[in-house]
Amino acid sequence: MEFPHHFLCPISLELMEDPVIISTGVTYERRSIEKWFFTYKKKVCPATMQSLDSFQITPNHTLKRLIVAWVSYQSDFQKNLCDSRSSEEISGILGSIESSPFKVSALRKLRLILEKGDEDLKTEFKKLGGVEVVVKILLQLKFNSSENSDFAECEEAAGVLNEIPVSDKDQKTLGIFMGSEFMYSMTIILRHGGSDARFSVISTFLRIASADYCWNYVAEKQGIDFFKSLFEIVSDEISTKSSSRALQLLLEITSASRKSRLKALDAGGVFTLVELLPDSGRSKCERILRLLKLICETSEGRTAFTDHALGIAAVSKKIMNVSPAATTAAVKILWLISNFQPRERVVEEFLHCGAVKRLVALLKVGGAVHNSMVKDRATGILMTHGRMWRRYPCFPADVSNFLGRGSST
C-alpha cells in the first residue's frame, strides 16, 4: 500500500504512528526524532539541517487523526474490493461447475475461497445460488455412486458445504440440508468417503443437529450401516477430531428416539464403546458413558452390556476417577443394570469387579461433589442386593450403614 508522502517520517520514511513537531515546524515519528536528539546527540533539524536552540517536541494531533482516518478508509476499501473480487470469482466458479464436466478442481478452489472468507462472503455465496449448485452434485449419488470421478466430485462438494453456516434463521438452506435425498447422499459419503470427506459430513450433520433436525429419518431409512460408519470413525485413534465429532453426533442422534438407540446397538455400539472406555480421556470418557447410558435405557442394550465381559468393570472404574459428569453417567448405568437386569451372575460381578466398593466410597464422600440423585441410586443398588452380597467374604464390612432395608435377589 502506498502512503501519502506527508504521512511518512522524514527520518525512517515509514508511516508515522505518533507524529510530533519540533521547533522548525517539521513533523517526525516520535521514536525517530528522540533517537536523533538524545542517542546521536544531534543539534540540527534532520530535514532542514537548521541549528536548534530548543529540543522540545509537541504531539501533532491533527496529522495523527488524518493518518488514522486514511488508514481506516483504505482498509475498508481494500476489504470491499477483495470481497467484490471474491464474489465475482465465486460467481465464475459456480458457472464453470455447472457447465464443465471437470468439477473437482473448481470445487476445491471454491472451498478455499469460502474457507478464507468471512460471514458476508458466505452469505453472498448463498445469494448466488451456490448451495443449490453444490447440492446438485451430491444428489447424483442417488443415481450413480460407482463412478470414481463422480464420487470424487461429491467428496469435494461435501467439503464446500462444510464451510457454510446453518441456523434456524436460514430456513432456505436448512430446508435443502434436511431433504431426504441430500441426507441419503451425505450418508453414502460417510460410509465410503475418505477421512476428510467424512469429517466434512459429520461437521455438517452436527450443524443440522443444532438446528433441531429430526434424526428419525436417518434411523429409519439408513439402517445400521450408517451407525457402523460412525462407530468406525469413533474408533479411529489417528483422526481424533473426527472421532470426537462422530461421538457427539451419535449422542445427538440416539437422544432423539429409542429406534436410533437400537440401531446403534445393532451396529455393535456397546462392544465398541466398552472397548474404548478404559483408555479414553476425560471428554471422550464422559461422552462414551452418556452414550452407553442411553443404549442401556433399552432392555436390548442392557442385555448386550451385561454380555460383555468387561462392561461392568470398565464402567465401575470410572466412578470418582474422571469427573462428576462421568460418575453420574456410570452410576446411572449400574443402576439400570441392577434394577432391570438383576441376574445372579450379573449381581455377583458387581462385587467381584469392585463396583460395590466404588459405590460405598461414593457414599462416604462428603460435600456437594456429587448430587443427591447419584448417591440415592448408589444407595438403592446396595440396599437391593446387599443381602446376597453379604454371603461373600470379599463384601466390604462397613456397608451395613447403607443396607437398612436390603432384600435378597
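Start by selecting E29. Is E29 buried or exposed? At 5% relative accessibility, under the 20% cut-off, it counts as buried. Keep in mind as you click around that this is a predicted model. E29 sits in strand β2. Show its surroundings and, leaving out residues up to four places away in sequence, you'll find it touching C9, M16, E17, D18, P19 and V20. Add I11 to the selection too: 18 residues from E29 in sequence, it has its C-alpha 8.0 Å from that of E29.

**The sheet around E29**

Now widen the view to the strands. Three of them make an open sheet, ordered β2-β1-β3, with antiparallel pairing. Select 27–29 for β2 and 58–59 for β3: these are the edge strands, each pairing on one side only. If you're wondering what holds such a thing together, strands of a sheet pair through backbone hydrogen bonds, either parallel or antiparallel.

Next, pick residues 19–21, which are β1. Two bridges link β1 to β3, in the antiparallel sense. Which residue in β3 is the bridge partner of V20? Click P59, and you have it. V20 should look familiar, being one of the residues that E29 touches.

Then colour residues 30–39. That's helix α1, and it lies across β1, β2 and β3, running at about 95° to β2.

**Two residues with positive phi**

While you're at this end, select L13, in the segment before β1. L13 isn't a glycine, yet its phi is positive, near 60°. With 61% relative accessibility, L13 counts as exposed.

Hop over to K41, in the loop between α1 and β3. K41 is another non-glycine with a positive phi, this one about 60°. Its relative accessibility is 60%, so K41 counts as exposed.

**Zoom out**

Show the whole chain as a cartoon. You're looking at 21 helices and three strands. Of the 409 residues in the protein, 48% are buried. If you draw the contacts between residues with a separation of 6 or more, 64% of them come from residues 24 or more positions apart.

**Helix α9**

Select 195–210 for α9. Its 16 residues, at 1.5 Å a residue, should span 22 Å, and the end C-alpha atoms are 23 Å apart, which agrees. Switch on a surface for the rest of the protein: 13 of the 16 residues of α9 are buried, so this helix is largely enclosed by the rest of the structure.

**Helix α15 and the loop after it**

Go on to 282–296, which is α15. You can try the ruler again here: 15 residues at 1.5 Å each should give 21 Å, and the end C-alpha atoms are 21 Å apart, which agrees. Show side chains for the buried residues of α15: C285, E286, I288, L289, L291, L292, K293, L294, I295 and C296. Notice that E286 and K293 are in that list.

Step along to E297, in the loop between α15 and α16. How accessible is E297? Its relative accessible area is 31%, which makes it partly exposed. Setting aside neighbours within four places in sequence, E297 is in contact with R261, R302, K332 and L336. Measure across to R258 as well: 39 residues away along the chain, its C-alpha is 8.6 Å from that of E297.

**Where α16 crosses α18**

R302 takes you into α16. Select 299–307 for α16 and 324–340 for α18; they pack at an angle of about 100°, with axes 10 Å apart. That makes the two helices roughly perpendicular. At the crossing, R302, F305 and T306 from α16 meet I333, L336, I337 and F340 from α18. Colour the residues of this contact by type and you get five nonpolar, one polar and one charged.

**Last stop: α19**

Finish at 344–352, helix α19, where V346, V347, E349, F350 and L351 are buried. What covers them? Among the elements to display are α16, α17 (311–316), α18, α20 (355–364) and α21 (372–389). Then click G354, just after α19, to see a positive phi of about 95°.

Terms used: Residues numbered from 1 in each chain as written. Predicted model: local features only at pLDDT ≥ 70, side-chain atom pairs only at ≥ 80, totals over all residues. Heavy atoms only, no water. Pairing = 2+ DSSP bridges. Helix = DSSP H or I, 4+ residues; strand = E, 2+ residues; numbered from the N terminus. Contact = heavy atoms within 4.5 Å. Axes fitted to C-alpha atoms, helices over the stretch in contact; angles between N-to-C directions. Expected span 1.5 Å × (residues − 1). Buried < 20%, exposed > 50% of the residue type's maximum accessible area, 1.4 Å probe, protein only. Parallel < 35°, antiparallel > 145°, perpendicular 65-115°, else oblique. Nonpolar A, V, L, I, M, F, W, Y, C, P; charged D, E, K, R; others polar.
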